Each structure stands twice: as structure tokens, then as C-alpha cells.
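Colleague: I'm new to this one, and I'd like to understand the terms as we go. Could you walk me through it?

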Amino acid sequence: CNNIDPFDKLSILADTIILQLLRVMYAAASSVVKNRRTPWVIDVSPCNPEMRKLAVDSFSSNEACVVDYIYMGYAHYQDRLKEPNHNSSKTKEQKHVYDAAGDSYKLFRKLAKNLGLLIPIKGPHVRLSLNERLVKALVLTLIGPGQKVTLDYFMELLYEHFGMIIDRKAYEYAIQEGIMSPLSDYTFMNQNRDAFTKLLKNCGFLRELSDAICIVENPFDEEVISE
């Protein structure tokens with residue numbers, strides 16, 4: 001319902017559909033394998049080793065959950081999944097397993113990297129992140145046209161809707177829900193929050209009212225559709 005360029009709107013709609021599908025994929029797997037929600041730790045800091053490690057571990061845990069979900073019931077078919085006559089051809093059941101991998105966590109990696117949700121494109125330390133393209137999509141879908149919320153509340157919306165953990169407060173919510181473990185030091189998360197704040201500001205969605213209060217706003221008007 002934002003009054004923006006139609007092509008812009010289609011692009012944002014496509015991004016949010018992919019984002020939601022990826023989130024649902026993980027939610028479905030974790031609800032069965034772990035019987036609890038699995039959050040996404042988001043690393044926004046350009047150089048923050050502690051945050052990077054936390055985000056890498058989080059993504060690895062999420063991906064392992066999806067893989068476990070794929071292989072549930074694998075033991076039941078183990079004999080049928082063995083290669084027939086010790087040759088290189090795959091049984092029908094084996095092909096189903098490999099196809100499932102390609103249609104799930106491997107597909108997730110491909111789509112998430114194209115979206116900028118998963119970094120780096122190549123190399124180790126794979127983790128979830130955000131870019132200007134995703135920030136715009138998140139603001140315009142979580143905040144109504146012409147409306148504004150505090151930065152703290154926007155962080156809560158990101159955690160509530162997408163399980164995204166960017167700052168200490170969201171991480172503490174996850175601890176209370178029993179889905180993340182306590183840490184001995186949380187100060188490195190302040191740097192991640194500051195980097196995210198700067199990203200919002202660069203995108204034109206943040207206003208600083210004071211040193212302590214920041215507002216996230218949707219600057220677009222509501223689109224009026226005439227009948």
C-alpha cells in the first residue's frame with residue numbers, strides 16, 4: 001500500500017516473498033526436529049569477530065536442522081538407499097534424498113545469496129546479514145505508510161516476524177524463550193546494533209531525535225486506488 005514506483009513495488013514484493021518462504025522453510029524444520037523456533041542471528045558489523053562467530057554458529061545450527069529434517073526416516077529406507085550391485089547408479093530413493101537436499105538447504109543458500117541475506121558469496125564463515133535492498137523491504141512491510149516507530153520497537157518487530165536477532169535485547173528474548181544460550185559478554189552486540197542503525201540511516205529510514213531516541217519511519221505516502 002506504499003505509493004512508490006510500480007516496478008520498485010514488484011521488486012520489494014518478490015524479495016519479501018522469498019524472505020518469507022526461506023523463513024517458513026526453517027520454521028517448519030525446527031518445529032519438528034527441535035520442537036522450538038530457530039532464530040536468525042544477523043551480522044551487520046563490517047568487522048566484529050564475536051558477532052561473526054555467533055552468526056556463523058547460528059546459521060550452521062539452522063542448516064543442520066534442515067538437513068536433519070530431510071533425513072528423518074532415512075534409517076527406514078537405508079537398505080533401499082544402498083547402491084545396487086555396488087555400481088555408481090542411484091536408486092530411486094537415493095535420488096529423492098539428493099533432490100530434497102537440492103530443493104531445501106542448497107536452494108536456500110542460492111536464493112539467500114542472491115538476495116544479500118547470506119554472505120559471503122564464496123568462501124568460509126557463511127552467515128546471515130542485511131543490505132540496503134533488504135532493509136527497504138523490511139521497513140516498508142513492517143511499518144505502514146507515513147508511520148514511525150522507535151528503533152527498539154522495530155527491532156522487536158524483526159524478531160517477532162522473522163526471528164532476527166541483531167542486538168542484545170532480541171538475544172535476551174531468545175534466552176527467555178529457551179532457544180539461545182546465555183553469553184558471558186554482550187558488549188559486541190552494541191557494535192552490531194550501531195552498524196544496523198547506520199544502515200537504516202543511509203537508507204533514509206532513521207531519524208535521531210536525541211542521543212538516546214531513534215525513530216524508524218516509512219517516508220512514503222499511502223497509495224490511493226480510485227475505483
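Modeller: Gladly! This is a predicted model. One term to begin: a helix here is a DSSP run of H or I with at least four residues, numbered from the N terminus.

Colleague: What makes α1 a helix, then, and how far does α1 reach?

Modeller: The cut-off is at least four residues, and α1, residues 6–33, has 28, so α1 qualifies as a helix. From first C-alpha to last, α1 reaches 41 Å, close to the 40 Å expected at 1.5 Å a residue.

Colleague: What happens at the start of α1, and what comes just after α1?

Modeller: At the start, a side-chain oxygen of Asp5 comes to within 3.0 Å of the backbone nitrogen of Phe7. That counts as a polar contact because the cut-off is 3.5 Å. Just after α1, Asn35 has a positive phi of about 55°.

Colleague: Why are some residues of α1 called buried, and which ones are they?

Modeller: Buried means under 20% relative accessible area, and the residues of α1 that meet this are Ile12, Asp15, Thr16, Leu19, Leu22, Arg23, Tyr26, Ala29 and Ser30. Among the elements they pack against are α2, α5 and α6.

Colleague: Which residues of the largest nonpolar core touch the most other members?

Modeller: Of its 48 residues, those are Trp40, Leu130, Phe154, Phe196, Leu200 and Val216. α6 gives the most to this core, with seven residues.

Colleague: What is Leu130 in contact with, beyond four places in sequence?

Modeller: Its partners include Ile42, Leu138, Met164 and Phe196. There is also a second, separate core of 14 residues, with Met51 and Tyr186 among them.

Definitions and conventions: Residues are numbered from 1 along each chain as its sequence is written. This is a predicted model: local features need pLDDT of at least 70, side-chain atom pairs count only at pLDDT 80 or more; totals for chains, interfaces and linings use all residues. Side-chain values use heavy atoms; hydrogens and water are left out. Helices (H or I, at least four residues) and strands (E, at least two) are DSSP runs, numbered from the N terminus. The expected span of a helix is 1.5 Å times one less than its number of residues. Buried means under 20% relative accessible area, exposed over 50%, partly exposed in between (1.4 Å probe, protein chains only). Contact means heavy atoms within 4.5 Å. A polar contact is a pair of N or O atoms within 3.5 Å; within protein, one must be able to donate a hydrogen and the other to accept it, and residues adjacent in sequence count only if both atoms are side-chain atoms. A nonpolar core is a set of buried Ala, Val, Leu, Ile, Met, Phe, Trp, Tyr and Cys residues joined through side-chain atoms within 4.5 Å.
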